[in-house]
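Me: Could you take a close look at one part of this model, whichever you find best suited to it, and work outwards from there? I would like one connected account, with the reasoning spelled out where a cut-off decides the outcome.

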Amino acid sequence: MTGIIPDAELDCVGQYCPMPIAMTKEEIQSIEIGQILMVEADDPAAESDILAWAKRTGHEVLEFRKEGTMLTFYIRRMK
């Protein structure tokens, strides 16, 4: 269990490519710079998609967890 407290949460469970990344892009814009978004997804493609998107756009992935099919990302908005 992480000690990170997200400012917003996004549930992408049951959504498949390209929806998790599209929903994450939209949701990150709704929080303030420096705040943390927690994203949960179960689409295997979301792992590489969201990690690559965060790196490409300059947002910081504070933590990534994979438990079974559940993927959890903690992303700090950087810009």
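Reply: Contact here means that heavy atoms lie within 4.5 Å. With that in hand, and bearing in mind that this is a predicted model, one can say that among contacts in the protein chain between residues at least 6 apart in sequence, 65% join residues at least 24 apart. The part I have chosen is the sheet, and within the sheet the surroundings of Thr-72, a residue of strand β4.

The setting comes first. The protein chain holds two helices and four strands, and along the sequence these follow the pattern β-α-β-α-β-β. The radius of gyration of the protein chain is 11 Å, close to the 12 Å that the globule rule gives for 79 residues, so the chain is as compact as a globular protein of that length. Taken along the principal axes, the C-alpha atoms fill a box of roughly 30 × 25 × 20 Å, and 37% of the 79 residues count as buried.

The four strands make an open sheet in the order β1-β2-β4-β3, with mixed pairing. Since β1 (8–11) and β3 (60–67) each have a single partner strand, they stand at the edges, and therefore one side of each is left without a neighbour in the sheet. Neighbouring strands of this sheet are turned by 15 degrees against each other on average, if direction is ignored. Strands of a sheet pair through backbone hydrogen bonds, in either the parallel or the antiparallel sense. Here β1 and β2 pair in the parallel sense, over four bridges, whereas β2 (residues 36–41) and β4 (residues 70–76) run antiparallel and are joined by six bridges.

Individual partners let one follow this register across the sheet. From β1, Glu-9 stands opposite Met-38 in β2, and Asp-11 has Glu-40 of β2 as its bridge partner. Glu-40 in turn stands opposite Thr-72 in β4, while Ala-41 stands opposite Leu-71 in β4.

Thr-72 itself is buried, because its relative accessibility is 4% and the cut-off for buried is under 20%. If its neighbours within four places in sequence are left aside, Thr-72 is in contact with Met-38, Val-39 and Glu-40, and also with Glu-63, Phe-64 and Arg-65. Of these, Met-38 is separated from Thr-72 by 34 residues in sequence, yet the two C-alpha atoms are 6.9 Å apart in space. The strand to which Met-38 belongs, β2, is mostly covered, with five of its six residues buried.

Phe-64, one of the residues in contact with Thr-72, also takes part in a ring pair. The count of aromatic pairs comes to one: the ring centres of Phe-64 and Phe-73 are 4.9 Å apart and their planes stand at 35 degrees, so the pair is tilted. The two rings' residues differ in exposure, because Phe-73 has a relative accessible area of 0% and is buried, whereas Phe-64, at 26% relative accessibility, counts as partly exposed.

The helices complete the picture. Helix α1 (residues 19–28) lies across β1, β2 and β4 and runs at about 160 degrees to β1; helix α2 (residues 44–57) lies across β2, β3 and β4 and runs at about 5 degrees to β4.

At the β1 edge, a general rule helps: in a regular strand the side chains alternate between the two faces of the sheet. Along β1, Ala-8 and Leu-10 point to one face and are buried, while Glu-9 and Asp-11 point to the other and are not. From β1 the chain passes through α1 to β2, and this β-α-β crossover is right-handed. The loop between β1 and α1 contains Pro-18, and the peptide bond joining Cys-17 and Pro-18 is cis, with omega at about 10 degrees.

How values were computed. Residues are numbered from 1 along each chain as its sequence is written. This is a predicted model: local features need pLDDT of at least 70, side-chain atom pairs count only at pLDDT 80 or more; totals for chains, interfaces and linings use all residues. Side-chain values use heavy atoms; hydrogens and water are left out. Rings of Phe, Tyr and Trp (its six-membered ring) pair if their centres lie within 6.5 Å; planes under 30 degrees apart count as stacked, over 60 as edge-to-face and the rest as tilted. Buried means under 20% relative accessible area, exposed over 50%, partly exposed in between (1.4 Å probe, protein chains only). Two strands pair if DSSP finds at least two bridges between them. Axes are lines fitted to C-alpha atoms, for helices over the stretch in contact, and angles run from 0 to 180 degrees between N-to-C directions. A crossover is right-handed if, with the strands pointing away from the viewer, the path from the first strand over the helix to the second runs clockwise. The radius of gyration is taken over C-alpha atoms; the globule rule is 2.2 Å times the number of residues to the power 0.38.
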